[in-house]
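Please look over the sequence and the structure shown here before reading the explanation that follows.

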Amino acid sequence: MRCLLPKLSAGVAAGLVAASSTPASAHVGDHSHMTFATLAEHLLTALDHRFAIAAVVLLAGFAAVVTAMTRRKAQARATAARSPETPAT
Ligand SMILES: [Zn+2]
């Protein structure tokens, strides 16, 4: 199956993501008035932050799977190139 994603280097992909990113805002307001402990509790218990964390985890998992599949295909191609099948007699 052919990958439909354009072939980008990791640096180019990271640059595109960084250039298109915006500050995250799960809700209106800021967290600057919170202590570290209060902020940690808020980030782990508030539903909107949980959704954001779940989205980040899903995207990271997708990126990991795509990377693993790409590396596996490259290894298979390299192995096939090193040891070509013996011709049928
Ligand atoms: Zn919050």
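What pattern does the chain follow, read along the sequence? It follows α-α-α, with 3 helices and 0 strands, helices (H or I, at least four residues) and strands (E, at least two) being DSSP runs numbered from the N terminus. This is a predicted model, in which local features need pLDDT of at least 70 and side-chain atom pairs count only at pLDDT 80 or more, whereas totals for chains, interfaces and linings use all residues. Residues are numbered from 1 along each chain as its sequence is written.

Helix 3 covers residues 47-82, and its 36 residues should span 52 Å at 1.5 Å a residue, which agrees with the 52 Å between its end C-alpha atoms; the expected span is 1.5 Å times one less than the number of residues.

Of the 89 residues of the chain, 0% count as buried, a term that requires 20 or more other C-beta atoms within 10 Å of a residue's own, with exposed meaning 12 or fewer, partly exposed in between, and C-beta atoms placed from the backbone. Helix 3 is likewise hardly covered, with 0 buried residues.

T67 lies in helix 3 and counts as exposed because it has 11 C-beta neighbours inside 10 Å. Although T67 and A10 are 57 residues apart in sequence, they are 10.0 Å apart in space, C-alpha to C-alpha.
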